[in-house]
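Visitor: I have some questions about the labels used for this model. Shall we take them one at a time?

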Amino acid sequence: MTEQDFIPKPYLSDIENGKVTWESPSNIALIKYWGKKKDQIPENPSISFTLSNCKTITTVSYSKKADTSSFEFDVFLDGKMKDDFKPKIQTFFERIEVYLPFLKEFKFKIETENTFPHSSGIASSASGMSALALCLMSIEKQMLPDLSQKSFNKKASFLARLGSGSACRSIEGDLIVWGENKTVEGSSDLFGVQYPYKVHENFKEYQDTILLVDKGEKQVSSSVGHNLMHNHPFAKNRFQQAHDNLENLKPILESGDLGGFISLIESEALTLHAMMMTSMPYFILMKPNTLEIINKIWKFRQETNSNISFTLDAGANVHVLYPKNKATEILEFIKSELVAYCQNGHYICDQIGFGANHIK
Ligand code: DP6
């Protein structure tokens, strides 16, 4: 498929006004997207677990307007007008207008809320951009009633990617691959696809407890970090490594090899941060408590032979990943040993989820 395939046929029916609501989850990458070309075309493939509890709920109200020369929208977070969200959405609308040619014909009210605290250091761009893309797709669907569910999801993922790369992995669950590669048939740089191969029971209902080490604004945004992969001395090897890791993950997922899984995802997390530390300019997003937690996890694993592991996103927070059948012991360990390293003792219990939901 190419970008052109997402330009819609002429709309069949006219609509005047209405309201749609979607809730869409966050996701956590196991193999990381870090480095992109224009319009969030990834430099390497990534794969993520869709989450369940960390989500954004967005309602878009729309009404026809007479002047079609520019976009018109207001954004509200938790009921309060958020003008500082507008430039990102303006850019998003500019990028997707060719694929949703109705955007200038309506005035939109975008009301959004997150189930996780806004100041948690958890990126809301994946859940937020995917929820918005889904609302816009629901509006388009009213004018193109024949659009199949499959095409709807694919285009929602395609649009979400243009808002924030990782957002394209939040439409469906439970394991999503994004970025063309030879391991996963049907994979694409343009949108996320469900991982199509056998996944062992060990990975069903996998748990993710997110330890909120630092809830502040990041010093370096993901966009800046991605850009620093241009001319990065290790870029070529890193991009190849992500392809290799995806190939290596396939038999691990199939056989339920938890040891292999742990080595691969922890290496991916640390490689992501190693890329940040070896960019020019270089930067560090981990905090001392991030390292304390990692060391505690390794010690606990060594002492108890437990299958606890961690991954990191582009920040200081730690995602503790573990199989459902060990949840009681591991949560006990998290509460007694790790929560002390979280800002104000805050953490979020989540697990693998199955994608976004149309609320109304
Ligand atoms: C480290 O999707 O936030 O979480 O495309 O610029 O919006 P933009 O970046 P974003 O980058 C996410 C990076 C990551 C890894 C991942 O989710 O794969």
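Visitor: Which hand does the crossing of α6 and α7 have, left or right?
Guide: This is a predicted model. In it, α6 passes α7 in a left-handed crossing.

Visitor: Why is α6 called roughly antiparallel to α7?
Guide: The axes of α6 (residues 258–277) and α7 (residues 288–304) cross at roughly 165° and come within 14 Å. Angles over 145 degrees count as roughly antiparallel. Therefore α6 is roughly antiparallel to α7.

Visitor: Which residues of α6 and α7 meet?
Guide: Ile262, Glu266 and Leu270 in α6 meet Ile294, Trp298 and Arg301 in α7. By class, that contact has four nonpolar, no polar and two charged residues.

Visitor: What makes α2 oblique to α3?
Guide: Helix α2 (residues 125–143) packs on helix α3 (residues 149–163) at about 135°, with the axes 8 Å apart. Roughly perpendicular covers 65 to 115 degrees, and roughly antiparallel needs over 145. An angle of about 135° fits neither, so α2 is oblique to α3. Their crossing is right-handed.

Visitor: How do the residues of the α2 and α3 contact divide by class?
Guide: Into eight nonpolar, three polar and three charged. Among them are Met129 and Leu134 in α2, and Phe152 and Leu159 in α3.

Visitor: What makes the pair between Ser164 and the ligand a polar contact?
Guide: A polar side-chain atom of Ser164 lies 2.6 Å from a ligand oxygen. The cut-off is 3.5 Å between N or O atoms, so the pair counts as a polar contact. A polar backbone atom of Gly165 is 2.7 Å from a ligand oxygen. For an N or O atom in the Arg169 side chain, the distance to a ligand oxygen is 2.8 Å.

Definitions and conventions
Residues numbered from 1 in each chain as written. Predicted model: local features only at pLDDT ≥ 70, side-chain atom pairs only at ≥ 80, totals over all residues. Heavy atoms only, no water. Axes fitted to C-alpha atoms, helices over the stretch in contact; angles between N-to-C directions. Helix = DSSP H or I, 4+ residues; strand = E, 2+ residues; numbered from the N terminus. Parallel < 35°, antiparallel > 145°, perpendicular 65-115°, else oblique. Left-handed = near helix turned anticlockwise from the far one by under 90°. Contact = heavy atoms within 4.5 Å. Nonpolar A, V, L, I, M, F, W, Y, C, P; charged D, E, K, R; others polar. Polar contact = N/O pair within 3.5 Å; in protein donor to acceptor, adjacent residues only side chain to side chain.
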